[in-house]
Amino acid sequence: MPFSERIRKSADPIWKASHEHPFVQGIGHGTLDIESFKFFMAQDYKYLIEYSRVMAMGTALAPDLETMSGFAEALDDTLNMEMDLHRSYAERLGISREELEATVPGPVTLAYSSYMMAEAQKGSIAELIAAILPCAWSYYEIGLELAKIPGATEHEQYGEWVRMYASDEFGEIGYWLIRKLDELAEGKTEAELDRLEEIFLNTSRYEYMFWDMAYKREKWPV
Ligand SMILES: Cc1ncc(CN)c(N)n1
């Protein structure tokens, strides 16, 4: 069994909880409170800046040109395709570019991005990919699931979001990371694979927490 299949299976209860979360379902059914969506997009913009830094680290640490190009492409897609979605939603929702960039990361945003960065700094490309893979892979899965809900891709407010995350172009980032991780997993010891699985499960948990904090519009308590 490819390593990606093994970790996807063990993360299944966490991913199911994310798919079923009222925030995610609210996007798909067009019922999500727009204030929660605005909150999410601003927090997500800050998160994506840190995620991009991790991909830039992957580009720098890559052992060969093929890996370097893969990370560079994923980085470009994030900065110029995914974050453009946020910039265009922000404009439409009355959030200025300055406000978007000045967003204070909330507790979950900071914890998630700091954890991802800490794992990426341990030096191995496999650990770095295990940390960022739930980000690319789970949004594509969610995008595809939500796109099956009648009317979801055409919804006035959330349709553009669903179409972007269900797109082949976005999916390609996840597929490339999966292929890379499977390649890197070959020849690793069981203890090393367990460690990669642990990182993947932790960032999967953070993905769930991110939906939840956006739904609740969670801020620092003091
Ligand atoms: C928190 C989070 N996780 C994943 C993605 C998809 N790149 C995102 N935009 N935000």
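Helices here are DSSP runs of H or I with at least four residues, and strands are runs of E with at least two. With that in hand, welcome to a set of close-ups of this predicted model.

**View 1. The annotated domain is helical, with no strand.** UniProt, in an unreviewed entry, lists residues 9-216 as "domain: Thiaminase-2/PQQC". Over residues 9-216, helix makes up 81% of the chain and strand 0%. The C-alpha atoms at the two ends of this stretch lie 28 Å apart.

**View 2. The protein chain holds 11 helices and zero strands.** Read from the N terminus, its elements run α-α-α-α-α-α-α-α-α-α-α. The radius of gyration is 17 Å, close to the 17 Å that the globule rule gives for 222 residues, so the protein chain is as compact as a globular protein of that length. Its C-alpha trace spans about 50 × 35 × 35 Å along the principal axes. Of the 222 residues, 37% count as buried. Take the contacts with a separation of 6 or more: 80% of them join residues 24 or more positions apart.

**View 3. Nine named residues surround the ligand: Asp44, Tyr47, Leu48, Glu82, Cys135, Ala136, Tyr139, Glu207 and Phe210.** Which helices each supply at least two residues of this shell? They are helix 4 (34-61), helix 8 (125-147) and helix 11 (190-216). By character, the shell divides into six nonpolar residues, three charged residues and no polar ones.

**View 4. The largest nonpolar core gathers 60 residues.** Ile132, Leu133, Ala136 and Leu181 touch the most other members of this core. Helix 8 provides the largest share, 13 residues. In soluble globular proteins, nonpolar side chains tend to be buried together. Ala136 deserves a second look, as it belongs to this core and is also one of the residues around the ligand. Leaving aside neighbours within four places in sequence, Ala136 is in contact with Ile173, Gly174 and Leu177.

**View 5. Phe210 is a ligand-shell residue in helix 11.** Is Phe210 buried or exposed? Phe210 has 24 other C-beta atoms within 10 Å, and the cut-off for burial is 20 or more, so this residue is buried. Not counting residues up to four places away in sequence, Phe210 touches Val108 and Tyr112. For a sense of scale, Phe210 and Trp137 sit 73 residues apart along the chain, and their C-alpha atoms are separated by 15 Å.

**View 6. Tyr51 sits in helix 4 and is buried.** The count behind that label is 26 C-beta neighbours inside 10 Å. Beyond its neighbours within four places in sequence, Tyr51 is in contact with Thr78, Met116, Ile132 and Cys135. Two of these partners may look familiar: Ile132 appears in the largest nonpolar core, and Cys135 is among the residues surrounding the ligand. Tyr51 and Tyr112 are 61 residues apart in sequence, with their C-alpha atoms 9.8 Å apart in space.

**View 7. Ser114 lies in helix 7 (residues 107-120) and is exposed.** Ser114 has 12 other C-beta atoms within 10 Å, and a residue with 12 or fewer is classed as exposed, so Ser114 falls in that class. Between Ser114 and Leu196, 82 residues apart along the chain, the C-alpha separation is 17 Å.

**View 8. Gly123 is in the loop between helix 7 and helix 8.** Gly123 is exposed, with 9 other C-beta atoms within 10 Å. How far apart in space are Gly123 and Ala42, C-alpha to C-alpha? The distance is 30 Å, for a pair 81 residues apart in sequence.

**View 9. Arg217 shows a positive phi in the segment after helix 11.** The phi of Arg217 is near 50°, a positive value in a residue other than glycine, and Arg217 is found in the segment after helix 11. Most residues other than glycine have a negative phi. Arg217 counts as partly exposed, with 14 C-beta neighbours inside 10 Å.

Conventions:
Residues numbered from 1 in each chain as written. Predicted model: local features only at pLDDT ≥ 70, side-chain atom pairs only at ≥ 80, totals over all residues. Rg over C-alpha atoms; globule rule 2.2 N^0.38 Å. Contact = placed C-beta atoms within 7 Å. Near = placed C-beta within 6 Å. Nonpolar A, V, L, I, M, F, W, Y, C, P; charged D, E, K, R; others polar. UniProt positions renumbered as here; feature names shortened; annotations may be inferred. Core = buried A, V, L, I, M, F, W, Y, C linked by C-beta atoms within 7 Å.
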